[in-house]
Amino acid sequence: MHECGQEEYWFYHQSSHPDNNPLLYQELINNALSEIIVWDPYFNVNFPNSDQDIFVNIKNDITIKILTVKNLVRPNHDYLTSVHRAMKSKIDPAKDCRFGLRVINKVDCANHGKSLFHDRFLIIDSNQVYLIGSSIGWHLKSHGSTGIFKVSKPDTISFIQSIFKFYWDNSTEHEIPLAYLHLL
């Protein structure tokens, strides 16, 4: 692991630590007090990814929002059902977690135009914003080197949050509505 000395950049170098899993993403999720926003175009709950595993140690009374991108060509909601089941299986009902997911459908150009995103962000408790170098699976197990950059400038934090809000507010066609996870 490399840190720049100002706690802004963390880098997991797989060759230097081949037997250790990268832990910072998991630590950020575990330490969230009120809200976790995962903005990742590759969020996946099917083997071998099991991205839902990152939420196993969340605190009580947390809100989780996930924004992702998929090719949803069928009218059924297999992906949404799989995510919902996976999250319910990993998060204990006693945690009293609120959960919502929205999917930008690559197939539906009228919904998003050409404004797809590729970068990954993690927003913790509305005030900590991180640019994530790779998807969640790379932060659960050692797959390769990856980094996390903490955004520290208030204007940049506000800008990233506003873009997330735009995508979130305009991606309601394919969603798991934000609600208590175990009451759905």
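This is a short tour of a few salt bridges and the nonpolar cores, stop by stop, in a predicted model.

**Stop 1: the charged pairs**

Side chains of opposite charge can pair when their charged atoms come close. In this model there are six salt bridges to find, and we'll visit some of them.

Start by selecting K90 and D53. They make a salt bridge, with 3.2 Å between the closest N and O atoms. Now look at where each one sits: K90 belongs to helix α2 (residues 78-90), while D53 is in the loop between β3 (35-39) and β4 (63-70). The two are 37 residues apart, so this pair links distant parts of the chain. Turn on the surface if you like: K90 counts as partly exposed, at 30% relative accessibility, and D53 is partly exposed too, at 25%.

**Stop 2: a bridge between two strands**

Next, pick E175 and R102. Here the closest N and O atoms are 3.0 Å apart, and the pair forms a salt bridge. E175 is in strand β9 (residues 175-180) and R102 is in strand β5 (residues 98-105), so the bridge ties together parts that lie 73 residues apart in sequence. Which partner is buried? That's R102, because its relative accessible area is 14%, under the 20% cut-off for buried. E175, at 25%, counts as partly exposed.

**Stop 3: a bridge within one helix**

Select K165 and D169, another salt bridge, with its closest N and O atoms 2.5 Å apart. Both are in helix α5 (residues 154-169), and being four residues apart puts about one helical turn between them. D169 is partly exposed, at 40% relative accessibility.

**Stop 4: into the core**

Time to leave the charges behind. Show the side chains of I36, F55, I64, M87, L101 and L122: these have the most contacts inside the largest nonpolar core, a set of 33 residues. Which elements give two or more residues to it? They are α1 (24-31), β3, β4, α2, β5, β6 (120-124) and β7. Helix α2 gives the most, with five residues.

Now zoom in on L122. Beyond its neighbours within four places in sequence, its contacts include Y25, L28, I36, V38, Y130 and I132. There is also a second, separate core of 15 residues; select L67, F117, V151 and I160 to see some of its members.

**Last stop: I132**

Click on I132, in strand β7 (residues 128-132). At 4% relative accessibility, I132 is buried. Then add I148: it is 16 residues away along the chain, yet the two C-alpha atoms are separated by 4.7 Å.

Note on methods. Residues are numbered from 1 along each chain as its sequence is written. This is a predicted model: local features need pLDDT of at least 70, side-chain atom pairs count only at pLDDT 80 or more; totals for chains, interfaces and linings use all residues. Side-chain values use heavy atoms; hydrogens and water are left out. A salt bridge is a side-chain nitrogen of Lys or Arg within 4 Å of a carboxyl oxygen of Asp or Glu. Buried means under 20% relative accessible area, exposed over 50%, partly exposed in between (1.4 Å probe, protein chains only). A nonpolar core is a set of buried Ala, Val, Leu, Ile, Met, Phe, Trp, Tyr and Cys residues joined through side-chain atoms within 4.5 Å. Contact means heavy atoms within 4.5 Å.
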